[in-house]
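Me: Hello! I would like to get to know a structure that is new to me. Could we go through it together, one question at a time?

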Amino acid sequence: MTEPRRTELRANLATVRHRIEVACAAAGRDPHGVSLVAVTKTWPASDVRLLAELGVTDVGENRDQEARPKHVACADLGLRWHFVGRLQRNKSGSVATYADVVHSVDRQPLVTALDRAAGDAGRVVTALIQVSLDATAGPARGGARPDLVDDLAAQVAAAGSLRLGGVMAVAPLDADPDTAFARLAEVAARLRDSHPEAVAISAGMSGDLEPAVRHGATHLRIGTALLGHRESPVR
Ligand SMILES: *Cc1c(COP(=O)(O)O)cnc(C)c1O
């Protein structure tokens, strides 16, 4: 079974890389400034291994229960692990042991818990502030209101075991992604005024990577376009 899957993943990866190159060319950007994070949630560790063999360096997961064993199974691959899902405070202790980047930092108690957990693990974890671009969404979808980003960023920057990396967002389902990502770019620019090192903009998924690249995304979180449709929708 490995060989056909490898062929499928190789073709999907080529298609995604091509989309990124075309989007970068259209935006006058260098493709090296855009990192591909393969979101492997619901897919087995064997797929992570195949992707690593095909040159993928960054993988993303959204549930600790799934990410933790997968990280153990793939520990020899030297991958960078991104936690992109809603993070419960009581999972920070686990996530901080393997995640290199947490994209979903959106509230003060989580900053405190994650900082302590990373410190206990003897690690420094990069934190992205997740921004809510959906004025009507409740807290269930995650993300801090844009006006709260500065305070959260200051708290992350002051945390000894966290490194402020930048911002992350998911485009609202029923909104124009160009409008949403333009808004995110404004929030990111304001953040860089006070924290010049916080250059990451994690935006763009399988369906909207082009508008994300147009608006300065540095990290694309791509699941379906690389791995196929997930059996059951996970978030
Ligand atoms: C699942 C997920 C993705 C990937 O979405 P696709 O549409 O499958 O590319 C990206 N970001 C987050 C936060 C996710 O949960």
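Me: How many Å is an oxygen atom of the ligand from an N or O atom in the side chain of arginine 230?

Reply: Happy to help! This is a predicted model, where local features need pLDDT of at least 70, side-chain atom pairs count only at pLDDT 80 or more, and totals for chains, interfaces and linings use all residues. Residues are numbered from 1 along each chain as its sequence is written, and side-chain values use heavy atoms, leaving out hydrogens and water. For arginine 230, the distance from an N or O atom in the side chain to an oxygen atom of the ligand is 2.9 Å.

Me: How much of the accessible area that the ligand has on its own does the protein cover?

Reply: Accessible areas come from the Shrake-Rupley method with a 1.4 Å probe; for residues, only the protein chains shown count as cover. On its own the ligand has 390 Å² of accessible area, and the protein covers 93%.

Me: By class, which residues make up the shell around the ligand?

Reply: The residues surrounding the ligand, each with a heavy atom within 4 Å of it, include Val39, Lys41, Met168 and Arg221. Ala, Val, Leu, Ile, Met, Phe, Trp, Tyr, Cys and Pro count as nonpolar, Asp, Glu, Lys and Arg as charged, and the others, Gly among them, as polar. By class, the shell has five nonpolar, three polar and three charged residues.

Me: Is threonine 40 buried or exposed?

Reply: Threonine 40 lies in the loop between β1 (35–39) and α2 (45–53); helices (H or I, at least four residues) and strands (E, at least two) are DSSP runs, numbered from the N terminus. Buried means under 20% relative accessible area, exposed over 50%, and partly exposed in between (1.4 Å probe, protein chains only). Because its relative accessibility is 0%, threonine 40 counts as buried.

Me: Which residues does alanine 153 touch, not counting residues up to four places away in sequence?

Reply: Alanine 153 sits in helix α6 (residues 149–158). With 0% relative accessibility, alanine 153 counts as buried. Taking contact as heavy atoms within 4.5 Å, and not counting residues up to four places away in sequence, alanine 153 touches Ile129, Leu164, Leu191 and His195.

Me: What radius of gyration does the protein have?

Reply: The radius of gyration is taken over C-alpha atoms, and the globule rule is 2.2 Å times the number of residues to the power 0.38. For 235 residues, a compact globule would have a value near 18 Å, which agrees with that of the protein, 17 Å.

Methods:
Polar contact = N/O pair within 3.5 Å; in protein donor to acceptor, adjacent residues only side chain to side chain.
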